[in-house]
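Here's a quick tour of a protein model for someone just getting started. Have a look at the sequence and the fold below, then work through the bullets with the picture open.

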Amino acid sequence: LRTRPDELLGWMHLDKFYEGIDEKREEQWTQERIKSDIKVRLLLQETNLTKNFQQLDKESNRETRFINKKFLFATTCLLYKNHIVLFDSSGELTCVRIHHPGFYEMQKKVFEMNWEFSK
C-alpha cells in the first residue's frame, strides 16, 4: 500500500493464502486499499471460499475470475509497480519480492493473457 499502485494483479490460491495470514490484518489491509482506491484483479481457483469472495468484488474494488482446474497451484503471485511478490503460506511462511521492470513486464503480459482466457 505504501507504493500506491494503481492496480494489484495476481494469481492466488485463496484457501491456502488464508491459512497463513492474520484474517483481521488482511481485512484492515483491504479496507486501507479500498480507501486508497487501489483496484485488484485476481485469478483464483474455484472453491466455496472464492465463490463467496467473488460476490464481494464490487464493494471491494476488485475483480476476480476463476482459472481452469487443470492449472491448480498452492501459492500466490502478486504484481504491482515493477514488483513481483511470491508468497507461500503452506508450512513455513515464505515471501520473495523481486523489483525488476523487465521481469514485471513479462509477468504482467502473462497475467493479461491468463486474464483474457479465464472465465
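Start with Thr76: its bridge partner in β5 is Phe87. That bridge belongs to a pair of antiparallel strands, β4 (residues 76-80) and β5, joined by five bridges. Keep in mind that you're looking at a predicted model.

**The two hairpins**

- Tyr80 also has a bridge partner in β5, and that partner is His83.
- The hairpin of β4 and β5 has two residues between the strands, and Lys81 takes a positive phi there, near 35°.
- Move on to the next hairpin: β5 and strand β6 (residues 94-99) run antiparallel too, with six bridges joining them.
- One spot to click on is Leu86, whose bridge partner in β6 is Val96.
- In this hairpin of β5 and β6 there are five residues between the strands, and here Gly91 takes a positive phi near 70°.

**The whole sheet**

- Now zoom out: six strands make an open sheet, and you can read them off in the order β3-β2-β1-β4-β5-β6, with mixed pairing.
- Which strands sit at the edges? They are β3 (62-66) and β6, and each of them pairs on one side only.
- From one strand to the next, the twist averages 15°.
- Helix α4 packs on this sheet and touches β1, β2 (39-44), β3, β4, β5 and β6.
- The direction of α4 makes about 70° with that of β1.

**Aromatic rings**

- How many aromatic pairs does a search of the whole structure find? It turns up three.
- One of them is Trp11 with Phe111, an edge-to-face pair at 5.4 Å centre to centre, with 75° between the planes.
- Trp11 lies in strand β1 (residues 7-12) and Phe111 in helix α4 (residues 101-117), so this pair ties together parts that are 100 residues apart in sequence.
- Trp11 and Phe111 are both buried.
- Phe17 and Phe87 make a pair with ring centres 5.1 Å apart; their planes are at 55°, so this pair counts as tilted.
- This pair also links distant parts of the chain, since Phe17 is in helix α1 (residues 14-19) and Phe87 is in strand β5 (residues 83-88), 70 residues apart.
- Are Phe17 and Phe87 buried or exposed? Both are buried.
- Remember Phe87 from the start: besides pairing with a ring, Phe87 is the bridge partner of Thr76.
- Trp11 and Phe111 have company, as ring pairs link them with Trp115 into a cluster.

**Charges over rings**

- Trp115 has a charged neighbour: Arg41 lies over the face of its ring, at 5.0 Å from the ring centre.
- Something similar goes on at Phe53, where the charged end of Arg62 sits over the ring, 3.6 Å from its centre.

**Around Asp57**

- Where is Asp57? Look in the loop between α3 (48-55) and β3.
- Asp57 is buried, with a relative accessible area of 8%.
- Its side chain makes a polar contact with the side chain of Arg62, at 2.7 Å.
- Leaving aside residues up to four places away in sequence, Asp57 touches Arg62, Glu63 and Thr64.
- So Arg62 shows up twice on this tour: its charged end sits over the ring of Phe53, and its side chain has that polar contact with Asp57.

Notes
Residues are numbered from 1 along each chain as its sequence is written. This is a predicted model: local features need pLDDT of at least 70, side-chain atom pairs count only at pLDDT 80 or more; totals for chains, interfaces and linings use all residues. Side-chain values use heavy atoms; hydrogens and water are left out. Rings of Phe, Tyr and Trp (its six-membered ring) pair if their centres lie within 6.5 Å; planes under 30 degrees apart count as stacked, over 60 as edge-to-face and the rest as tilted. Helices (H or I, at least four residues) and strands (E, at least two) are DSSP runs, numbered from the N terminus. Buried means under 20% relative accessible area, exposed over 50%, partly exposed in between (1.4 Å probe, protein chains only). A charge sits over a ring if NZ of Lys or CZ of Arg is within 6 Å of the ring centre and within 35 degrees of the ring normal. Two strands pair if DSSP finds at least two bridges between them. Axes are lines fitted to C-alpha atoms, for helices over the stretch in contact, and angles run from 0 to 180 degrees between N-to-C directions. Contact means heavy atoms within 4.5 Å. A polar contact is a pair of N or O atoms within 3.5 Å; within protein, one must be able to donate a hydrogen and the other to accept it, and residues adjacent in sequence count only if both atoms are side-chain atoms.
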